[in-house]
Amino acid sequence: MIITRTIEETRKHIDRWRSKGETIGFVPTMGSLHDGHESLIVKSVEDNDKTVVSVFVNPKQFSANEDLATYPQNFEADCVVCENAKADLIFYPRGNEMYSKDFSTYVNMSGTSLTQTLCARSRPTHFEGVCTVVLKLFNIVNADRAYFGQKDAQQLEIVKRMVRDLNLTVEIVACPIVRELDGLAMSSRNSYLSEKERQAALSLSKSLFAAEKLIKKGERNIDKIIDAMQEIISAEELAEIDYIEILDADNLSPLGEIKLPFIIALAVFIGKTRLIDNYIQIDKSPLKPYGSWRF
């Protein structure tokens, strides 16, 4: 497995693969890799001749009051995950490799409902930073396919829209949420949680599965479904709800009642740690979260 630190070196390897007609898959990450990331890498390895993983904590998607300085990083462990999943190259750039001192070009997607709801309300500059770094990485890696997890559903839809609007040739592959056995969606930020907070965090997935059951029983009133979810989460004194919303899964616009395709998305503070999760149904067969869980 190759590890590169510069754009030039990364492109040399990719150009060599391209000259042989090999296909390239790409998994962009901020490191602190877990089984969810590994599932993306494994899928890329299955689909492509070569797989590139980027490990870069992008400062442009953090605001001043967020956890950039403390974001979990363990590059040695990340290398083990990538090697076990059979990645071919890790691109591990420094900040000044990605952003020059006079960097001034950003991707502005403020004209779409995708960037005006959910996480964008409390993180107004977040997706500008995400799209900017993802576009830069797409230009560096020149992949045939890029792999994103559905836990960050809003990010996924925004990246899809950027690819469409800017006529990029990369195919975006959405991969299912990977969960712990007890239902908690895997996240790098789970490492922040104490034992008590870890138990409280289960309220996110429990509320989503409760909502799924209500919908299967025929409930279509969005307010009633959200009320049921709020009751489950609010029972945890360590939990503070940021948002719970049920939206059109294609464009994240509001729904009057449950109808396909829809997404139930939520963000909850567990102590000081903000966690997100979601449930998506795009047709009559629910898109099940990957993995297993038990209560």
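1. Let's start with what helix 3 packs against. In this predicted model, the buried residues of helix 3 make their contacts with strand 1 (2-4), helix 2 (35-47), strand 3 (50-55) and strand 4 (89-91).

2. Which residues of helix 3 are buried? Within its span of residues 75-84, they are Phe75, Asp78, Cys79, Val81 and Cys82. Looking down the axis of helix 3, you will find these buried residues within an arc of 160°, so they line one face of the helix.

3. Turn to the face of helix 3 that points away from the buried side, and you meet the exposed residues Glu76, Glu83 and Asn84. Just after helix 3 comes Lys86, with a positive phi of about 70°.

4. Now for the sheet. It is open, has 6 strands in the order 1-4-3-2-5-6, and its pairing is parallel. Strand 1 and strand 6 (171-175) are at the edges with a single partner strand each, so one side of each has no neighbour in the sheet. On average, neighbouring strands are turned by 25° against each other, direction ignored.

5. One pairing you may like to look at joins strand 2 (residues 24-29) to strand 5 (residues 145-149), in the parallel sense and over 2 bridges. Here Gly25 is opposite Arg145 of strand 5.

6. Two further helices meet the sheet. Helix 6 (residues 126-141) lies across strand 2, strand 3, strand 4, strand 5 and strand 6, and runs at about 150° to strand 2. Helix 7 (residues 153-165) packs on the sheet by touching strand 5 and strand 6, with its direction at about 165° to that of strand 6.

Key: Residues numbered from 1 in each chain as written. Predicted model: local features only at pLDDT ≥ 70, side-chain atom pairs only at ≥ 80, totals over all residues. Heavy atoms only, no water. Buried < 20%, exposed > 50% of the residue type's maximum accessible area, 1.4 Å probe, protein only. Helix = DSSP H or I, 4+ residues; strand = E, 2+ residues; numbered from the N terminus. Arc of directions from axis to C-beta. Contact = heavy atoms within 4.5 Å. Pairing = 2+ DSSP bridges. Axes fitted to C-alpha atoms, helices over the stretch in contact; angles between N-to-C directions.
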